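Work through the exercises below with the model open. Try each task before reading its solution.

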Amino acid sequence: MSVITGLSGLSASTAWQVLLKDPAKQIDKFAKNKDIQRDLEYFKKNIGKFETVEDLLKDQRATRVLLSAYDLENEMTGLGRIKKILTEDPTSSNALSAKLIDKRFSIIAKDLRLDQSMDK
């Protein structure tokens with residue numbers, strides 16, 4: 001659900017040019033998208049219902065919203081890795097998120113700290 005995705009129907013280079021002309025306008029347009037608003041409302045309404053990381057990951061819609069917020073929506077097919085990342089202590093040098101080159105994994109793990117707040 002990146003801003004570029006909000007410019008569907010355009011080639012990547014054309015979408016990029018549109019975004020560069022007025023990024024604030026495109027981001028605002030993206031944020032007002034009805035599908036995105038519905039997904040965010042669903043997430044807000046349901047996030048408190050998940051008792052474990054596994055419960056969260058079983059809900060594809062909530063998982064997609066969460067991963068999209070970190071530009072990780074392509075990880076929907078690798079939820080085992082996401083579960084490991086979310087349930088390990090992200091401050092440990094042995095954590096998977098610390099070993100991966102892509103820092104988005106460390107960011108989501110540190111932001112959420114689900115290793116502390118949910119049963120694994």
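**Exercise 1. The fold at a glance**

How many helices and how many strands does the protein have? This is a predicted model, so treat every value as computed.

Solution. Start with the elements. The protein has nine helices and zero strands. Read from the N terminus, the order is α-α-α-α-α-α-α-α-α. Next, take the burial. Of the 120 residues, 36% are buried. Then turn to the surface. The protein exposes about 7,600 Å², and carbon and sulfur atoms supply 54% of that area. Last, look at contacts between residues at least 6 apart in sequence: 45% of them join residues at least 24 apart.

**Exercise 2. A glutamate in a loop**

Is Glu88 buried or exposed? Locate Glu88 and list its partners.

Solution. Find the place first. Glu88 sits in the loop between helix H6 (79–87) and helix H7 (96–99). Now apply the cut-off: buried means under 20% relative accessible area. Glu88 has 17% relative accessibility, so Glu88 counts as buried. Then check the polar partners. The side chain of Glu88 makes a polar contact with the side chain of Lys84, at 2.9 Å. A polar atom of the Glu88 side chain also lies 2.7 Å from the backbone nitrogen of Leu96. Finally, leave out residues up to four places away in sequence. Glu88 then touches Ala95, Leu96, Ser97 and Asp115.

**Exercise 3. The buried side of H8**

Which residues of H8 are buried? Work out where they lie around the axis and what they pack against.

Solution. The buried residues of H8 are Phe105, Ser106, Ile108 and Ala109. They cover an arc of only 165° around the axis, so they lie on the same side of H8. These buried residues pack against H5, H6 and H7. Take Ser106 as a case. Its relative accessibility is 10%, which makes Ser106 buried. Ser106 touches Ser97 and Ala98, not counting residues up to four places away in sequence. Its C-alpha atom is separated by 9.1 Å from that of Ala95, eleven residues apart along the chain.

**Exercise 4. Positive phi**

What is the phi of Arg113, and where is Arg113 placed? Do the same for Asp71.

Solution. Arg113 has a phi near 45°, a positive value in a residue other than glycine. Arg113 is in the loop between helix H8 (104–112) and helix H9 (114–117). For Asp71, phi is near 55°, again positive in a residue other than glycine. Asp71 belongs to the loop between helix H5 (60–69) and H6. Its relative accessibility is 42%, so Asp71 counts as partly exposed.

**Exercise 5. Salt bridges**

How many salt bridges does a search of the whole structure find? Sort three of them by the elements that hold the partners.

Solution. The search finds twelve salt bridges. Side chains of opposite charge can pair when their charged atoms come close.

- Arg38 and Asp35 meet at 2.3 Å, N to O. They are three residues apart in helix H3 (residues 34–46), so about one helical turn separates them.
- Lys44 and Glu41 meet at 3.7 Å, N to O. They too are three residues apart in helix H3, about one helical turn. Lys44 is exposed at 57% relative accessibility, while Glu41 is partly exposed at 45%.
- Arg64 and Asp39 form a salt bridge with the closest N and O atoms 3.0 Å apart. Arg64 lies in helix H5 and Asp39 in helix H3, so the pair ties together parts 25 residues apart in sequence.

Close with the burial of the last pair. Asp39 is buried at 8% relative accessible area, whereas Arg64 is partly exposed at 31%. Asp39, Arg61 and Arg64 are linked in a network of salt bridges.

Technical notes. Residues are numbered from 1 along each chain as its sequence is written. This is a predicted model: local features need pLDDT of at least 70, side-chain atom pairs count only at pLDDT 80 or more; totals for chains, interfaces and linings use all residues. Side-chain values use heavy atoms; hydrogens and water are left out. Helices (H or I, at least four residues) and strands (E, at least two) are DSSP runs, numbered from the N terminus. Buried means under 20% relative accessible area, exposed over 50%, partly exposed in between (1.4 Å probe, protein chains only). Contact means heavy atoms within 4.5 Å. Accessible areas come from the Shrake-Rupley method with a 1.4 Å probe; for residues, only the protein chains shown count as cover. A polar contact is a pair of N or O atoms within 3.5 Å; within protein, one must be able to donate a hydrogen and the other to accept it, and residues adjacent in sequence count only if both atoms are side-chain atoms. The arc is that of the directions from the helix axis to the C-beta atoms. A salt bridge is a side-chain nitrogen of Lys or Arg within 4 Å of a carboxyl oxygen of Asp or Glu.
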